[in-house]
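Visitor: I'd like to learn how to read a structure like this one, feature by feature. Could you walk me through it?

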Amino acid sequence: MIQLNGINKKYILPNGKEQIIFKDLNFYMQEERSLAILGRSGSGKTTLLNIIAGLDIKYKGKYYFDNRLLPKNIDEMSSLRLEDIGIITQNYNLLYDRNIFNNVAITLHCLGTNKKDIGKKVKHALEIVGLTDHKYKYPNELSGGESQRVAIARAIVKQPRLLIADEPTGALDEETEKDILKVFKNLQEIGHKLIIATHSRSIASICEKEYLIKNNDLTLVR
Amino acid sequence: MNIFREIRFYFKKNSLLFFLELIILTLFLTLVYVFALFTIGINEKTDKIENIYNGKEIYRLIDKLEDPEEFSDFLNSKSSVSVLSNFYNELDTDKNFQFLSVFDQFIPIENFKGDNTFDYAYGEDMEVKGKYKDEISKKIYQNAKSMQMNKNSFKFYDIELARGKEIDWEKVDYSTGRIPILLGNDYSGIYDVGDVLIGDYYGKDFKFEVVGFIKRNTYIFYNGSSEKYLDNYIVVPYPLRLSKIDNEMGDMESEFYGILYSAMINGDIAIEKSGNSLQTLLKNLDRISQKTSFDKYTIIGVRNFVVQYNNMIAAINNNKKIILFLLILNLIIMFIILKGISHFIYSKRKKVYYLYFLNGCNKGEIYKIFSIDLILPYILAFILNIIITWKYKFFDEMILIILAIIIFLVFSVIYRIFIKKLHKDLENGFR
Ligand SMILES: Nc1ncnc2c1ncn2[C@@H]1O[C@H](COP(=O)(O)OP(=O)(O)OP(=O)(O)O)[C@@H](O)[C@H]1O
Ligand SMILES: [Mg+2]
């Protein structure tokens, strides 16, 4: 499904220096239903996920999705995300100008889903993350864990083939983490593929494989 | 994607900034509007001045009846007054020059309906008297500003009406006790066409019938000096021809005509400019004087008018420069403030653009949301400006087009700055 070949990525720092993140990195995801990406803070997990999600096109190397070489074009990448990828960002990135329902619905607005279906799908997504009663609350009325769950609902509401999650349980207590774990397991079982960047052992343990980013490269650890 | 839904959310969180932006833009547009009106006004004014005075020379004819005793003797003699009438008729009909007879004798009006802005003393170096009771007649009067003019002056200063009908000069006949008058535009809503004002004109009661209203901002050059706006004036036509005084006429009546005629022979004379125009004028006046046996007049040049006129144009142009400078300064300050506000709004809205981007909206759709976020205050300010100018009756299509261009330019510059920013953010995945 996903194949990254010879990825080189660097950031130009404000002082003009270069910070190298990846050097000739290769990455494959074929049959696996789920992968965990581990690595120290600052090692480049978010950067890698952004490349996979097509949010970052400023890198060298080749990216194949379903055996198709993807052009480094903003709109091509957007349509990839629109159809196939759901993203849970590291920060919740909720919009404070609208309630939870509309925060989740934004995904479907991009897809042009009709109003009736939006209602149904959002309701379903909120059920999965256990936020049915908070539909009309605003983000500033939620706890950190609840906010994280809204972010998850927003990513899964369109039932994407591939779900990319960046630290999805970073702010949750153990009980809640278990709930989310169930959600991810469930998503795996109904055919979604998962790529999760995480520090959590229990999250990593549900994944079929574990990778580690170290020394600007990616290595399989399990 | 539903753009209107996004606009709603936009307003919810950014209404304060939005209205700030709207107010700044509207104020600026109104300022530009007023400036444009002012410039057009000045151009019209200089055009009018040039039309009137270009290639012409102005002299003033004044009587030499300055000794009060001599003057009163003169008034008491019916034949002398008749001489004046002949003299005036000759001046007024002479083909070699234009005789412009204008005088600003105020007229006490009975039960006057206007306020003190119409008072003779208003705007002058005098104390406004307002309404007062005449001790003899026991009636309430107010001294209203009035300008008496002959037909030549009407044409010379190109006086146009806003409504009503023109003076029928052939029918101006003071002996009927009824005089048709025109009112300045400030009288709109106070008196109407057809109304009759009763007033005292050189000590004699007259009925003044309103036949029309003069266009707003009409002015004449009275006394060869600065312009006099007729907006708060009652304009009284002089008779076209003056008749002789017959011996049957009562003394009071003949005194009235004596005063009237002696006022009327004082006036400006406009002649075509040429090398020996003054000599020609003097010769012509001499001829008239001999024909009518009136020689108690003198001619003075009012060349200083030309100097004044030039000074005025210079002052106007100077003001124009200052205002233009202020306007540009204003534009720069406004631009900086607008950029600041747009920056603030952009940083607040960035997350929205990011989330649409994250969920797969294409560039075009995100640009669309962004553009509407940005353009709304500009469009609303423009509409507001149309409403304001319409409401306050200084609507002008030409200026509006200029305004549309200016606002479009300002918007374009701001838009370019922020679309670049957005593009960069999209390329970097908003990191
Ligand atoms: N836009 C950017 N410009 C410059 N440097 C950046 C930028 N984004 C990230 N970096 C740097 O790249 C490195 C990798 O960042 P990244 O966010 O991928 O790390 P991470 O593994 O996700 O860390 P964490 O576990 O803390 O989330 C960091 O050192 C970070 O400072
Ligand atoms: Mg990260």
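Visitor: Let's begin inside. Which residues of the largest nonpolar core touch the most other members?

Guide: Keep in mind that this is a predicted model. For a core, look for the members with many partners: here I2(A), F27(A), I52(A), Y63(A) and L162(A) touch the most others, out of 87 residues.

Visitor: And which element gives this core its largest share?

Guide: That would be helix 1 of chain B, residues 3-53, with 14 residues. There's also a second, separate core of 82 residues, which includes F74(B), M147(B), Y219(B) and I299(B).

Visitor: Back to L162(A): what is it in contact with, leaving aside neighbours within four places in sequence?

Guide: Among its partners are M1(A), I2(A), M29(A), I52(A) and F65(A). L162(A) also contacts D84(A), I85(A) and G86(A), plus K193(A), L194(A) and I195(A).

Visitor: On to the metal. Which protein atoms are donors of the magnesium ion, ligand 2?

Guide: With a metal site, list the donor atoms, then ask where they sit in the chain. The donors here are OG1 of T46(A) and OE1 of Q90(A), 1.9 to 2.3 Å from the ion. They are 44 residues apart: T46(A) belongs to helix 1 (45-53) of chain A, while Q90(A) lies in the loop between strand 6 (85-88) and helix 3 (100-111).

Visitor: Why does T46(A) count as buried?

Guide: Because its relative accessible area is 17%, and the cut-off for buried is under 20%. Q90(A), at 39%, counts as partly exposed.

Visitor: Now the interface. How many residues of chain A and chain B are in contact?

Guide: 28 residues of chain A meet 25 of chain B. Next, check the area: the two chains bury about 2,600 Å² between them, with 57% of it on carbon and sulfur atoms. L55(A), I74(A) and D97(A) supply 22% of what chain A buries against chain B, more than any other three residues.

Visitor: How many salt bridges cross the interface of chain A and chain B?

Guide: The rule finds 3. E6(B) forms a salt bridge with R98(A), the closest N and O atoms being 2.6 Å apart. For polar contacts, the count between the chains is 12 residue pairs. On chain A's side, helix 1, helix 2 (74-84) and helix 3 each supply at least two of the residues that touch chain B.

Visitor: One last residue: is D125(B) buried or exposed?

Guide: Exposed, with a relative accessible area of 85%. D125(B) sits in the loop between strand 4 (107-110) and strand 5 (131-133) of chain B. From F9(B), D125(B) is 116 residues away in sequence and 61 Å away in space, C-alpha to C-alpha.

Methods: Residues are numbered from 1 along each chain as its sequence is written. Chains are lettered from A and ligands numbered from 1 in the order in which they are written. This is a predicted model: local features need pLDDT of at least 70, side-chain atom pairs count only at pLDDT 80 or more; totals for chains, interfaces and linings use all residues. Side-chain values use heavy atoms; hydrogens and water are left out. A nonpolar core is a set of buried Ala, Val, Leu, Ile, Met, Phe, Trp, Tyr and Cys residues joined through side-chain atoms within 4.5 Å. Buried means under 20% relative accessible area, exposed over 50%, partly exposed in between (1.4 Å probe, protein chains only). Helices (H or I, at least four residues) and strands (E, at least two) are DSSP runs, numbered from the N terminus. Contact means heavy atoms within 4.5 Å. Donors are N, O and S atoms within 2.8 Å of the metal (3.2 Å for Na, K and Ca); water is not among the atoms, so sites may look incomplete. Buried area is the accessible area (1.4 Å probe) that two parts lose on being put together, summed over both. A salt bridge is a side-chain nitrogen of Lys or Arg within 4 Å of a carboxyl oxygen of Asp or Glu. A polar contact is a pair of N or O atoms within 3.5 Å; within protein, one must be able to donate a hydrogen and the other to accept it, and residues adjacent in sequence count only if both atoms are side-chain atoms.
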